[in-house]
Amino acid sequence: MVSLLSRHGPSVCLRAPALARTVTAVPHRQAQVADVGKGLETTTSSIPLFMNRKSAAQSTTPAPIVRPVATALPQDRDEFWREVPVWENVSAKDFLSYRWSVANTVQGTAKLFKFLQAVVPEEVPLHELGTQMQSRDEFIADVMEGVAAATMAIRMTPYILSRVNWENPRHDPIIRQFLPLKSVLIPDHPKLALDSLHEEADSPVKGLVHRYSDKALFLPTSVCPTYCMFCTRSYAVGADTDTVTKASLKPTRRRWEEAFAYIENTPALQDIVVSGGDSYYLQPDQLRMIGDRLIGMPNIKRFRFASKGLAVAPSRILDESDGWVNALIDISNKAKKAGKVVAWHTHFNHPNEISWISTDASQKLFEEGVMVRNQTVLLRGVNDDVDTMSKLIRDLADNKVFPYYVYQCDMVERVEHLRTPLQTILDLEARIRGSIAGFMMPQFVVDLPAGGGKRLACSYESYDPKTGLSTYMAPAVTGRDKENKVYEYYDPIDTLPN
């Protein structure tokens, strides 16, 4: 390969890939087959489990036909969470309760330390081949030192914690995303920044990023059900850490009204992304209010709710005692009647995050007509090989979740160990394209540093693998001195040739 690559047309967008490196995912242990339906079955005379309108007792019209979701909790479901010692006696009814999930979320260093002491074996593999071991205390100390150095606070739901292989946590792809180990952190590239996308500079009002001419990003909250180490919004999301004081976005009505006023008074805006933080952290009435306001704006044609909830707490979608999913379904239906499009954008990064619970939740959303798309972040040691990324894309497609984007990891601080060279994403797209239907093939993109927006990874102006520098242009992104701007993305320093 020549040292300087340049692109002058789509015909050379996909080049012959370098030999792809395969990192075998740590297999997730299968738990015992158990009676998950106990206490949750319905009968022909009972209210359907997933009925999402007024109860039969309140209804004055004949009960509608309700489609069962994945045969409504059959008896052979795998109670995988029982493999985690602290939850070995937790029933399916409790584990599928969103209220139970919130109450048992591991948040903060004290709870994390206590949880790890309870679930980590006395010894765990230090190396991937298991030829050398480390003690529980050594592993926990590594985690706690990593947390002290990280930009993101700790919050993990029981669901995502139960998808971890705790016999080998150091090399688990889920742990790698959410728990920092000090021993794996490497020095940041000098170009990394907390707000690498310059979102605050592109915000006309607090919590509203307006970068593209017809689209804006509304951030009603800065809280998530689970915090990712690689969060592109680490400048604002989550609690303060030892290294970062957050520019938090509290969900106040006054701030929201300023954002709504800007959207209403900017006729060019047609598309709104409601994110955060995470839309899952909005109360059902807040979700409805935001949806109603956007539906009522003549200029808005489309909007999406961004939430990792389907990947980290899917039981909420199946929990009829919680009103969040009913609010989302009602908004989706109301928008359709108004001739507008609503979607849910979620965030799976590895096949191990998918279980029968997320499958049932996806099926319910599919049957209710809610469009779900997925945005994956390419992460070193998590999904940066062909086998893992291909399986993730296909598993999402099989679950009626449209694989929408695969992002090159943003140039945010403290995640150098998770970033990959640009060549990796180019090779992945070249190897995977053609192996799955085109309408289920995600776009492999770089969200350009300094606010250039999303560009196809293969659309670079130049790329020198020896220096790790790639350059891009974004002609459609204007304002704030962006005309004719050349945007630069840098490969991780430790991946550059000596």
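## Report on a predicted protein model

Lys246 is a buried residue, and its relative accessible area is 8%. The structure described here is a predicted model. Lys246 belongs to the loop that runs between strand 7 and helix 7. Leaving aside residues up to four places away in sequence, Lys246 touches Thr151 and Met152, and also Ser234, Tyr235, Ala236, Val237, Gly238, Ala239, Asp240 and Thr241. One of these partners, Ser234, lies twelve residues from Lys246 along the chain, and the C-alpha atoms of the two are separated by 7.7 Å.

**The protein as a whole**

The protein has 498 residues, of which 56% are buried. Its secondary structure consists of 14 helices and 17 strands. Among contacts with a separation of 6 or more, 78% join residues 24 or more positions apart.

**The nine-stranded sheet**

Nine strands build an open sheet with mixed pairing, and their order is 6-7-8-9-10-11-12-13-14. At its edges are strand 6 (208-209) and strand 14 (453-456), each of which pairs on one side only.

Within this sheet, strand 7 (residues 215-218) pairs with strand 8 in the parallel sense, and four bridges link them. Lys215 has Asp271 in strand 8 as its bridge partner. Between these two strands the chain passes through helix 7 (residues 253-264), forming a right-handed β-α-β crossover.

Strand 8 (residues 271-274) is covered on both faces: Asp271 and Val273 are buried on one side, and Ile272 and Val274 are buried on the other. Four bridges also connect strand 8 to strand 9, again in the parallel sense. Here Ile272 has Phe303 in strand 9 as its bridge partner. The chain passes from strand 8 to strand 9 by way of helix 8, and this β-α-β crossover is likewise right-handed.

Further along the sheet, strand 10 (residues 341-346) and strand 11 (residues 371-378) run parallel and are joined by four bridges. Thr346 is paired with Asn374 of strand 11 in one bridge.

**Helix 8 and helix 11**

Helix 8 (residues 284-295) packs with helix 11 (residues 324-337) at an angle of about 10°, and their axes are 8 Å apart. Helix 8 is therefore roughly parallel to helix 11, since angles under 35 degrees count as roughly parallel. On the side of helix 8, the contact involves Pro284, Leu287, Arg288, Gly291, Asp292 and Ile295. Helix 11 contributes Trp324, Asn326, Ala327, Leu328, Asp330, Ile331, Lys334 and Ala335. By character, the residues of this contact comprise eight nonpolar, two polar and four charged. Helix 11 also lies across strand 9 (302-306) and strand 10, and the angle to strand 10 is about 145°.

**Two loop residues with positive phi**

The table lists Lys400 and Asp481, residues other than glycine for which phi is positive.

| Residue | Phi | Loop | Relative accessible area |
|---|---|---|---|
| Lys400 | near 65° | between helix 13 (386-398) and strand 12 (402-408) | 28% |
| Asp481 | near 60° | between strand 16 (469-473) and strand 17 (486-490) | 73% |

Lys400 is partly exposed at 28%, whereas Asp481 counts as exposed at 73%. Lys246, the loop residue with which this report began, is buried at 8%, because buried means under 20% relative accessible area.

Definitions and conventions:
Residues numbered from 1 in each chain as written. Predicted model: local features only at pLDDT ≥ 70, side-chain atom pairs only at ≥ 80, totals over all residues. Heavy atoms only, no water. Axes fitted to C-alpha atoms, helices over the stretch in contact; angles between N-to-C directions. Parallel < 35°, antiparallel > 145°, perpendicular 65-115°, else oblique. Contact = heavy atoms within 4.5 Å. Nonpolar A, V, L, I, M, F, W, Y, C, P; charged D, E, K, R; others polar. Pairing = 2+ DSSP bridges. Buried < 20%, exposed > 50% of the residue type's maximum accessible area, 1.4 Å probe, protein only. Right-handed = clockwise from strand over helix to strand, strands pointing away.
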